[in-house]
Amino acid sequence: MKKILKYTFAGLMGCTALTSCLDSSLETSPTDSMSGTTLLANANSALIPLNGIYRSMYASWSPAANEHQSFGINSYALMADVMGDDMIMDAMGSGWFWYDCIYNVKSRYTSTAWRSYDIWNCYYTWISNANYILAAEETMSGASADVNYVIGQAYAIRAYSYFMLAQNFARTYKGHESDPCCPIYTEPTVAGTEGQPRSTVQQVYDLVTSDIQKAVEKLSAAPAQTHKTHIDASVAYGIQARIALTMEDWNLAKTAAHNAIEASGCTVLPAETIKGLNDATLSNVMWGAPIQNDQTSGYASFFAHMDPNVAYANSARKQINKDLYDNIMLPTDERKCWWDPTDTNSERGAEAGYQQVKFSFSDYTVWMGDYVWMRVEEMYLTAAEAECMLGEEDAAKQDLYAVMSQRVEGYSTTKTGTALGKTSSDRTGSLREEIIDQRRIELWGEYGRIWDLRRLRQGFRRTAAQGWPAAALLNNRPTDDPECYMWVLTIPQTEFDGNVNMDLSQDQNPIDDYK
Amino acid sequence: MKVVMRSDTEVLDEVMVVAYGTAKKSSFTGSASVIGGDKIESRPITNVTKALEGQTTGVLTTSGSGQPGESASIVIRGYGSINASQDPLYVVDGVPYDGTLSSINPSDIESMTILKDASAGALYGARGANGVVMITTKQGKEGKTNVTWRSTAGWSSRAIPEYDMVSQKDFVQLTYEALRNGYVFTNGYSWADAEAAARNSLSTNLGGELYNPFKNYTWSQIIDPTTGQVRSDAQSAWNENWMDAILHNNAFRHEHQLQLSGGTEKTRYMFSLGYLNEDGILTGTNFQRYNGRANINSEVTDWFKGNMNVSLTHSIMNYSQYDGAATSNVWYSAQFISPLFPMYMKDMDGNNVLDENGNPQLDYGEQGRPGSYNDYNPLGGLVDDKSYVKNDVASLRTGFTLGSDKDDFGVFKGLKLSVNFGMDYRTMNQMNYMNMYHGNQANAGGLIYKYNTRMQSYTFNQILTWDRSFGLHNFNVMAGHEFYAYQYEYLNAAKSNLVDGILELRPGTTITSADSYTDKYRIESWFGRFNYNFDEKYYFDASIRRDGSSRFHKDHRWGTFWSVGGNWRVSKEAFMEDVKWVDNLSVKLSYGQQGNDNLRTYYAWQSLYDLGWPNGSNIGGMVTSLENQEVSWEKSGNMNVGFEALLLDHRLSISAEYYNKKTTDMLLNYPMATSTGFNGYNANVGDMRNSGFEFEVRGTLIKTNDWNWDITWMGSTVKNKVLKLTNESPEIINGIYSIKEGMPINTFYMAKAAGVDPATGAQLYWAYDKDENGNIVNEYITSDYNKANESKYYLGSRIPDLYGSIGTSLSWKDIDLSILTTYSLGGKIFDSLYQGSMENMYFNNNWNEHALRRWQKPGDITDVPRIEIAGSYATNDRFLVDASYFAIKNITLGYTLPKVWMQKARLGSIRVFASVDNLALFTHLKGMDPQYNFSGSTDYAYSPNKTWSFGFEVNF
């Protein structure tokens, strides 16, 4: 018996040695992710990180508790609109965007669930993802047109992101060139990458202009967009036009806008055709997101906040400033169909603004609706404004008419000059004001009104007569002073926590309206 | 199980299950507490984690949700980590357990051992740093088959009372004042104009006359302009509390157990079957569990033993899928809703609108309920939306042992080899359905999510032990090898636009998501232990374990964990022989290093593109993590010193321990500037210390033939201090919490309230400036909330000064009574639920009664500022509440029927018992759950239950 024991014992000891497993069994890797080095090796697979960035431009991915008001480009445009004078929030509803609307977000910079963190994190996430792609510029294999397609887009994304950061975290370019802006990174981030100090507004715009120029060059030697989200030469020109407009580089704004129009091959469409703003395949759309049904984000989406068929938009209705609709928009303007003055669903009754119907789900039963990020009408209006500023009023009117001929039958204007009021309610009757007025109407809900107000250095005053609710009038706040810091976001606490070169007490933007 | 028994004269000396073996409590070098199965058996406990509170020192628990089947969380001896897991390791019958804790039938538990220090836990290596909870299930005993049948029935209700909220009239009054204050202080109206404007805008904000319950006044008339108060003769037509409509008191719970156990000298067995059905207090919530277990062990020969434990559990949990501030989460919406909103549809006269059958109809607010609760009714939502989790858990523990302690085995005497295999298998099938008629997914025609996950893990080990005594020298040596593999497969899909009544994906028309992935995790280990004692007087113990974990890069994968410990049984010394009143006295000391590899990710070191970002039909990925090959375990250096004393003829036992546990190489998300695109990367950089003192006193006050009365008092302290973070950032601030060098983890960091300005009713705060060295200078009081936000103070943390339990058991003849109470002194809670009903964000939120102390007119002196809705405040310490509490956790009264009767009836024994769990809780704020979590916040969560139950147990 004991022999059996001995043999079994010895045998089992031997087996034990065998079960001692090879180290390779301790190598595991995830099934939902992969390593970057393989992705960036060639121009074809490098489209994967590029497409990831584009998806994040319409997906909802901000930290929980904030994601319903953070869904990429459209959420920031909507934020910037409700911060202005033209888009009225009828009520606070579920609270989303309301705090942007009443300028009550800047003091919340310590939380990751508010705007400071959300915007800062979003654009810098795009920048860091773009930087990985750009770092592979020299090593990426593939036909040069294909490599240009990838690298050009990465430059454009980086330019766009820094441009948007500069528009949110510093006062406008002109007149504030030496103000602190945001830190600059052009190398890929690795563990331990040191945080950079704030660069000046000028330094940031230098990078923005050089990046977008590189993007234009690369993409001009690359194929046209293979997906509507992709930035090709026409979209890069469009972004360049936006940047130039903000920098008041009128020549560049003019040529970039014209180049964008030409490269895009897009055409102005009638107001009735584009109503809904939910079809990225229309021939006026230069850049947008056609969203398929398993890639929608439900309540955390633009149309959920716009289309009153859905709860959020129903309880926090988006309405147009009645002054803009009744007094500034011409009575025969076909765009009047984008708003419905007869809608009586607001709890505020006749005090309310006019309900928007410009934006709606294409099918709210499946949360479907494409996002439109840039359309050709904007380019004409940009060119018109630039030409007006250059004193080329005939050309300006030509570009203005390109849009307005599809908006108001027999439209023409005899206005002239570039004067603008101190606030948007101070009327001057100039041609530039006319172009801006059409821009306010045309791009309502799309461009971000506050960014226009900033670059125009115009203040505004909300009034009950315009349809604003009492809680959002901001009577006691300096909205009429474009030099104030109301429109300049605070930098999130997490930045100071991780950045040796930024100190909260020295480098934070003013938390109050002025200090 | 490798049971190492030696004869001992101490009758009362407990033998307890410890890591890879057993030990005697009196001579154990480490720190471990045992909770006997009898402490749980008669309690209406569904999830074993809820039985731990108050049963041992050094363990902090949360209350856990009231959802039947849900677990409570526990931490052992403080907070081991900042970013990695703080959860202990659960071990069932000797093998780490990966099933669900709710799948364990508490009645199957023989005992639980809590391993607290390194000497006890170092053999769990990389997974032991947060302590270990060892669960041992019942085994058969030699003798005739013993059959036990136990049934209990119980009724549950809320354990924590509701917050005191204001009445309808007060609600209208406060709404009016909020409007008036808005006009005065935001829009600059005169007081009189503001009053008039407020009266006129009541209707818009409160939902028009349809939602006016005061049918003898319209909204514009309800405020008397002369007094500014709601008219006292206003008559309300309804008052339908939403919470009352969706909670049912006396939710029924019943549980039945059948156990067979017995065996021969060679083979012993235990079979059990159990069924549990527990309704939740929230409509539609329920938990059912069916389980079976068979534990068999057999001694085939005197050198060959085998054992096999198998358990199978099937459970179904019906729950509400919503959490946080989601409209559909009733703990958010119904709990704090305007008291004006009726549950049932009303006509303009305030009468119910009846359907064709004459029944009242739920009000979904479709006729114009103001605010954001569109198309929503809490009761309708609970009934129409459906969610379940079905868990099937199978666990296997099997093994055999070769070898013998008998003399005729010569040099092999005492040498044993055991091979053990343990496997846990779990499939989870989950469904979340949002209905097609109302609410979130009515637009979409309903939405259904289905999840299916499969988890399989196994542990395979081979252990060699050698157990010999040479004269007074006793040796026990062990060496082993172990391999652990875990695999988790996830699958999920969702579709919208469904067919009514069919809760499946098939008929849905639109796919809204589809996803799957697999995770793998493996550990390979080598370990050994050396135990020596001289004459059962001096004990020495050393253990070592080397683990290789797949979570880390191959160059940093292997870690070594160890412990040494000693125990001196002073009472065995010659000089103690004459001290008759000391039955046992032992002093112990241990130190060791343990690890924590649970970084909450299986791929901690790798830089990865997450491929969950497809852009239309293009594959898309985003970078989610930065590579750091060096990331590795957290290490925990753990010192324990203590004594155990048994005195006065076993009538008094005292034990006390002091521990000092230092976590080093603590895993932190090493902060990076957000502008780099990352807030940090996984790195081992921080240090943190937990230390504390624990004591337990058990006394037998009365011990006669008929009477027995015991009292137990336990107390624990825990001091936590963050010692080191990173050079870049000696402080991590997140919301109201700061993690700062030199302070306890999660110290509250917020503005400090300084009363209310009598002139304006504004909230005042303390503010300060800082000199060039960062010191606070020039403190002053301000109403500027931005300044207050920049003038934050460190205001304590949730960590209690002292916590523990007082329990007693009393028996007289065949009647027994036991009472368990728990207490916690010190610490603070930021009650955001309270804040949410004192600084209301929306017109349809109700106010806490404390809001009635508000400032009303210039000159008022109070601590509650003027009423505002969606006002701007700095988060401040007004809502920081003392966390101390006293709870009556359980009272059980039992009666064992006289033996004489039993003999006549040919039964073994019959016991009947009644028990109440969570009977009462005394806190500083009515409504607050002081044990919601360990960091001291609260959330809109399922309130814990109080359960009355009755049962009987028959043995034959």
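This is a guided tour of a predicted model, moving from chain B as a whole to one of its sheets, then to the contact between chains A and B, and finally to a helix of chain A.

**Chain B as a whole**

Begin by selecting chain B, which has nine helices and 45 strands, and turn it until its principal axes lie along the screen, where the C-alpha trace spans about 105 × 80 × 70 Å. For 956 residues a compact globule would have a radius of gyration near 30 Å, and the 31 Å of chain B agrees with that. Of these 956 residues, 52% count as buried. If you display contacts in chain B between residues at least 6 apart in sequence, 68% of them join residues at least 24 apart.

**An open sheet in chain B**

Next select β32, β33, β34 and β38 of chain B, four strands that form an open sheet in that order, with antiparallel pairing. Which strands stand at the edges? They are β32 (731-734) and β38 (793-794) of chain B, and because each has a single partner strand, one side of each is left without a neighbour in the sheet. Within the sheet, zoom in on β33 (residues 737-740) and β34 (residues 747-750) of chain B, which run antiparallel and are joined by two bridges; B:Y737 has B:F748 in β34(B) as its bridge partner.

**Where chain A meets chain B**

Now show both chains and colour the contact, to which chain A gives 90 residues and chain B gives 87 residues. On the side of chain A that touches chain B, the elements giving two or more residues include α1 (2-19), α6 (115-135) and α19 (493-498) of chain A, while α3(A) provides the largest share, nine residues. Coloured by residue class, this side of chain A divides into 35 nonpolar, 44 polar and eleven charged residues.

Strands also pair across the two chains: select β1(A) together with β25 (residues 608-610) of chain B, and you will find them antiparallel over two bridges, with A:S33 standing opposite B:D610 in β25(B).

**Helix α10 of chain A**

Finally, select residues 250-264 of chain A, the helix α10, whose 15 residues should span 21 Å at 1.5 Å a residue, and whose end C-alpha atoms are indeed 21 Å apart. The buried residues of α10(A) include A:A253, A:A257, A:H258, A:I261 and A:S264. To see what covers the buried residues, add elements of chain A, among them α9 (233-247), β3 (285-289) and α15 (376-389). The tour ends just after α10(A), at A:G265, which takes a positive phi of about 70°.

Terms used
Residues numbered from 1 in each chain as written. Chains lettered and ligands numbered in written order. Predicted model: local features only at pLDDT ≥ 70, side-chain atom pairs only at ≥ 80, totals over all residues. Expected span 1.5 Å × (residues − 1). Buried ≥ 20, exposed ≤ 12 C-beta atoms within 10 Å, placed from the backbone. Contact = placed C-beta atoms within 7 Å. Nonpolar A, V, L, I, M, F, W, Y, C, P; charged D, E, K, R; others polar. Pairing = 2+ DSSP bridges. Rg over C-alpha atoms; globule rule 2.2 N^0.38 Å.
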